[in-house]
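Student: I've got a new model open and I'd like to learn how to read it. Can you walk me through some features, one by one?

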Amino acid sequence: MSKLWGGRFTKETNKLVEEQTASIHFDKKLADEDIEGSIAHVHMLASTGIISEDEGEKIENGLKAVHEKIKKGELTYSVANEDIHMNIEKFLIDEIGPLGGKLHTGRSRNDQVATDMHLYLKKHTETIISLVKDVQQAVINQATDHVDTILPGYTHLQRAQPVSFAHHLLAYFWMLQRDKERLIDSLKRVNGSPLGAGALAGTTFPLDRQQVANELGFDYVYPNSMDAVSDRDFILEFMSAASILMMHISRLSEELVIWSSQEFQFIELDDSFCTGSSIMPQKKNPDVPELLRAKTGRVYGNLMGLLTVLKGLPLAYNKDMQEDKEGMFDTVETLEGSLGMLAPMIDTMVVKAGNMKKAVSEDYSNATDIADYLVKKGLPFRQAHEVIGKIVLYGIDHNKYLLDLTLEEYYQFSELFEKDIYEVLAPEQVVASRRSYGGTSQDEVRNQLDLARQALQ
């Protein structure tokens with residue numbers, strides 16, 4: 001038999017089965033990690049006397065030679081060798097002869113692939129954390145410039161109360177901060193070593209699993225060999241954190257799409273992050289935030305797909321687990337690409353402060369401040385709420401905003417009104433008066449910016 005595992009078989013693998021069960025088409029992404037893990041394994045085999053120092057050195061040199069050829073594109077992966085592990089082992093045997101067959105001593109593809117994925121996800125989680133920080137910095141950059149810029153704040157997509165644009169942006173900073181913390185915490189589960197667990201029950205060889213873990217930079221060794229080869233919680237946890245992160249990216253993207261529309265005109269995205277229409281020459285479409293919004297769905301799908309694959313699996317390893325990789329790879333690539341575009345898109349967007357100010361001057365979003373004004377003069381809030389509701393209705397019927405009403409008109413609704421009502425209703429004052437911790441006043445926003453900068457360090 002041509003298969004490295006073919007000794008027990010009397011027939012060649014059906015070609016359709018071979019094609020459908022092979023994973024080399026996608027797990028070739030693990031080549032670097034597979035060789036990294038193999039070299040650490042060989043070091044341990046030699047240091048424990050399972051193989052000789054000379055054999056270990058030859059195998060290591062062979063692996064490094066294979067790695068160089070892979071990076072240069074000089075080797076061709078074969079479906080007949082099924083996966084990245086068997087392909088590399090076959091390359092190694094071709095490179096150094098039968099001695100390459102000793103590489104697999106004391107391990108199984110089950111613990112080998114789990115190790116590869118731990119190594120892969122560790123590297124890419126750290127990259128994604130760095131990219132999240134880049135987006136946070138872009139948010140801080142814009143917020144720093146727009147503490148005094150005022151726009152309508154919304155609930156139910158209806159104008160609610162004026163807020164500082166910096167305050168609005170910083171809400172996303174703290175979402176991203178939680179995302180970053182989730183990813184950092186997930187590394188505790190990613191950073192464990194399954195290598196040496198064997199197929200499921202350990203091995204008869206005197207392996208030093210801790211030595212391998214130390215060399216690969218893992219914090220701990222799985223204490224249970226069956227759990228080591230069958231655990232995919234660390235991937236699920238990453239995908240879960242990734243889904244929440246993409247949800248936040250999608251919410252911000254939705255705002256960028258809305259704000260850049262002709263109806264809002266609050267911002268303009270840089271031309272390098274927009275596209276045109278094939279038929280309408282005037283169009284400038286916010287394609288990048290639209291795509292980021294859409295890509296959230298595929299990340300959700302990857303999470304649900306793996307949850308469904310794993311939900312009915314008995315211990316220990318099952319072939320079903322081959323379906324864990326494509327979703328993980330896709331989620332990593334989607335996040336890295338999305339975050340990589342989002343940071344410069346935020347950094348380069350133009351904020352149209354004048355349009356924001358105009359919008360907040362042509363609505364009733366300062367109505368709450370009239371209620372607070374009356375409450376401070378002794379009127380119970382519920383009565384004040386009813387008074388303001390009638391004033392707003394009056395303004396709508398007479399095509400006037402609250403700052404347009406005369407003092408005589410205010411007197412129709414309550415004798416508690418005085419000339420200072422106009423100072424209270426000015427958008428700048430509405431924002432400045434919200435001094436409670438975490439509020440939108442300029443002083444509080446500056447304090448919040450200081451906290452954000454500290455959190456980013």
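Student: Let's start with charge. How many positive and negative side chains does the protein chain have, and how far apart are the centres of the two sets?

Tutor: The protein chain carries 48 positive and 69 negative side chains, and the centres of the two sets lie 2 Å apart. Keep in mind that this is a predicted model.

Student: And the overall form? What radius of gyration does the protein chain have, beside that of a compact globule of 457 residues?

Tutor: You set the chain's value against what a compact globule of that length would give. A compact globule of 457 residues would come out near 23 Å, but this chain has 31 Å. The C-alpha trace spans about 100 × 50 × 40 Å along its principal axes. As for the make-up, there are 19 helices and six strands.

Student: What share of the residues counts as buried, and what does the surface consist of?

Tutor: Of the 457 residues, 50% count as buried. About 21600 Å² is exposed, and carbon and sulfur atoms supply 52% of that. For contacts, look at how far apart the partners sit in sequence: among contacts between residues at least 6 apart, 74% join residues at least 24 apart.

Student: Now a strand pair. How do β1 and β2 run, and how many bridges join them?

Tutor: They run antiparallel: β1 (residues 150-155) is joined to β2 (residues 158-164) by six bridges. To find one of them on screen, pick I150 and look across to S164, its bridge partner in β2. The hairpin has two residues between the strands, and there H156 takes a positive phi near 60°.

Student: Why would I bother to look at a positive phi at all?

Tutor: Because most residues other than glycine have a negative phi, and most peptide bonds are trans. Two more cases are good to compare. E82 has a positive phi of about 70° although it is not a glycine, and N399 has one of about 55°, again without being a glycine.

Student: Where do E82 and N399 sit?

Tutor: Both are in loops. E82 is in the one between α4 (53-71) and α5 (84-96), while N399 is in the one between α15 (381-397) and α16 (407-411).

Student: Is each of them buried or exposed?

Tutor: E82 counts as buried, because its relative accessibility is 13% and the cut-off is under 20%. N399 is at 72%, so it counts as exposed.

Student: You mentioned trans peptide bonds. Which bond here is cis?

Tutor: One to look at is the bond from L315 to A316, which is cis with omega near 5°. A316 is found in the loop between α11 (287-310) and α12.

Student: Let's try burial inside helices. Where does S38 lie, and what does it touch?

Tutor: S38 is in helix α3 (residues 31-47). With a relative accessible area of 0%, S38 is buried. Leaving out residues up to four places away in sequence, S38 touches L63, L103, R107 and Q112.

Student: And what about S338? Which helix holds it?

Tutor: S338 belongs to helix α12 (residues 325-348). Its relative accessible area is 1%, so it is buried. Beyond its neighbours within four places in sequence, S338 is in contact with M246, L292 and K295.

Student: How do I read a loop residue such as F417? Is it buried or exposed?

Tutor: Check the accessibility, then the contacts. F417 lies in the loop between α16 and α17, and it is buried, with a relative accessible area of 1%. Apart from residues up to four places away in sequence, F417 touches I370, Y373, L374, I391, L407, Y410 and Y411. F417 and L407 are 10 residues apart along the chain, and their C-alpha atoms are separated by 7.5 Å.

Student: Where is F264, and which residues does it touch?

Tutor: F264 lies in the loop between α10 (233-259) and β5 (267-268). It is partly exposed, with a relative accessible area of 23%. Its contacts, not counting residues up to four places away in sequence, are Y154, I258 and W259. Y154 falls within the residue range of β1 (150-155), so you can go back to the hairpin from there.

Terms used. Residues numbered from 1 in each chain as written. Predicted model: local features only at pLDDT ≥ 70, side-chain atom pairs only at ≥ 80, totals over all residues. Heavy atoms only, no water. Pairing = 2+ DSSP bridges. Helix = DSSP H or I, 4+ residues; strand = E, 2+ residues; numbered from the N terminus. Buried < 20%, exposed > 50% of the residue type's maximum accessible area, 1.4 Å probe, protein only. Contact = heavy atoms within 4.5 Å. Rg over C-alpha atoms; globule rule 2.2 N^0.38 Å. Areas by Shrake-Rupley, 256 points an atom, 1.4 Å probe, with all protein chains shown as cover. Lys, Arg positive; Asp, Glu negative; His and termini not counted. Charge placed at Lys NZ, Arg CZ, Asp CG, Glu CD.
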